[in-house]
Amino acid sequence: MASRGQDPIKPPGFLHKFITAAKMNKPFIISPSMSGSFSMSHLMEHPDDISGFIPVAPMATENFKPEDYKKIKTPTLIIYGEEDKKLGVDSYKRLKDLPNSQVHVLPKAKHPCYLDQPDMFHHLVTEFIQRNSNSKD
C-alpha cells in the first residue's frame, strides 16, 4: 500500500517494481506513445531488467540526453509510422542514439502504426523477440 500522498502507479520506478513483484525474467517491453513516461525512465535506470525494448513513437524521450542513450546496450527495435511527422520523428531523433538499435518506419501508417500496419508490426516484433531471446534449452 502506498503512503498517503504517493501514487504507486507513477513513473519512475513502477515498471521495475512490477517486473520484480511479478517475478518476470527479463521481459521485452513494447512501449507505444504515452507509455513512454513509464518505459523510458525504466530503460535508463534498469536496462538489465529487460531482454529488449520496442519503443513505438513514445513520449518522454526528451527527458534524457544523447549521452544517456549511448550508455544503454539493451537490444532495441524502434518503430514508427511514416505519416507520424511529430512524435514518431521527434522520438526517433533521440532514440537513434541507442547503440544496439534498429529502426523500421511502417509505410502508410500514422502515429498508432500498429493499427495501420498490424501484420507488418507483428512480424517485426515477433522476429525481434525471437532473435533476442536467450534460449535456455
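This is a short tour of the structure, stop by stop, with a suggestion of what to select at each one.

**Before you start**

You are looking at a predicted model, in which local features need pLDDT of at least 70 and side-chain atom pairs count only at pLDDT 80 or more, while totals for chains, interfaces and linings use all residues. Residues are numbered from 1 along each chain as its sequence is written, and side-chain values use heavy atoms, with hydrogens and water left out.

**Stop 1: the sheet**

Colour the strands. Strands (E, at least two residues) and helices (H or I, at least four) are DSSP runs, numbered from the N terminus. You should find an open sheet of four strands in the order β1-β2-β3-β4, with parallel pairing; two strands pair if DSSP finds at least two bridges between them. At the edges stand β1 and β4 (101-106), each with a single partner strand, so one side of each has no neighbour in the sheet. From one strand to the next, the twist averages 15°.

**Stop 2: β1 beside β2**

Select β1 (28-32) and β2 (52-56). Five bridges join β1 and β2 in the parallel sense. Look for Ile-29, which stands opposite Phe-53 in β2. Phe-28 also has a bridge partner in β2, namely Gly-52. To follow the chain between these strands, trace it from β1 through α2 to β2: this β-α-β crossover is right-handed. Right-handed here means that, with the strands pointing away from the viewer, the path from the first strand over the helix to the second runs clockwise.

**Stop 3: inside β2**

Stay on β2 and show its side chains. In a regular strand the side chains alternate between the two faces of the sheet. Are the residues of β2 buried or exposed? Five of the five are buried, so β2 is largely enclosed by the rest of the structure. Buried means under 20% relative accessible area, exposed over 50%, and partly exposed in between (1.4 Å probe, protein chains only). On one side you will see Gly-52, Ile-54 and Val-56, and on the other Phe-53 and Pro-55.

**Stop 4: β3 and its neighbours**

Next, select β3 (76-81). Six of its six residues are buried: Thr-76, Ile-78 and Tyr-80 point one way, and Leu-77, Ile-79 and Gly-81 the other way. β3 pairs with β2 over two bridges in the parallel sense, and Phe-53 stands opposite Thr-76. With β4, β3 pairs in the parallel sense over six bridges; here Gly-81 stands opposite Leu-106. Add α4 (87-95) to the view, and you have a right-handed β-α-β unit made of β3, α4 and β4.

**Stop 5: helix α2**

Now select residues 36-45, which form helix α2. Seven of its 10 residues are buried: Gly-36, Ser-39, Met-40, Ser-41, His-42, Leu-43 and Met-44. What covers them? Among the elements in contact (heavy atoms within 4.5 Å) are α1 (14-21), β1, β2, α3 (66-70) and α4.

Turn to where α1 meets α2. Two packed helices are described by the angle between their axes and the distance between the axes. Axes are lines fitted to C-alpha atoms, for helices over the stretch in contact, and angles run from 0 to 180 degrees between N-to-C directions. α1 and α2 pack at about 75°, with their axes 8 Å apart. That makes α1 roughly perpendicular to α2, a label for angles of 65 to 115 degrees (under 35 is roughly parallel, over 145 roughly antiparallel, and the rest oblique). Show Phe-14, Leu-15, His-16 and Ile-19 in α1, which meet Phe-38, Ser-39 and His-42 in α2.

**Stop 6: two loop residues**

Finish with a pair of single residues. Thr-61 is in the loop between β2 and α3. Thr-61 is buried, with a relative accessible area of 1%. Leaving out residues up to four places away in sequence, Thr-61 touches Met-40, Tyr-69, Asp-90, Ser-91, Arg-94 and Leu-95.

For a contrast, go to Asn-25, in the loop between α1 and β1. Asn-25 counts as exposed, at 62% relative accessibility. Draw a distance from its C-alpha atom to that of Ser-51: the two residues are 26 apart along the chain, and these atoms are separated by 8.6 Å.
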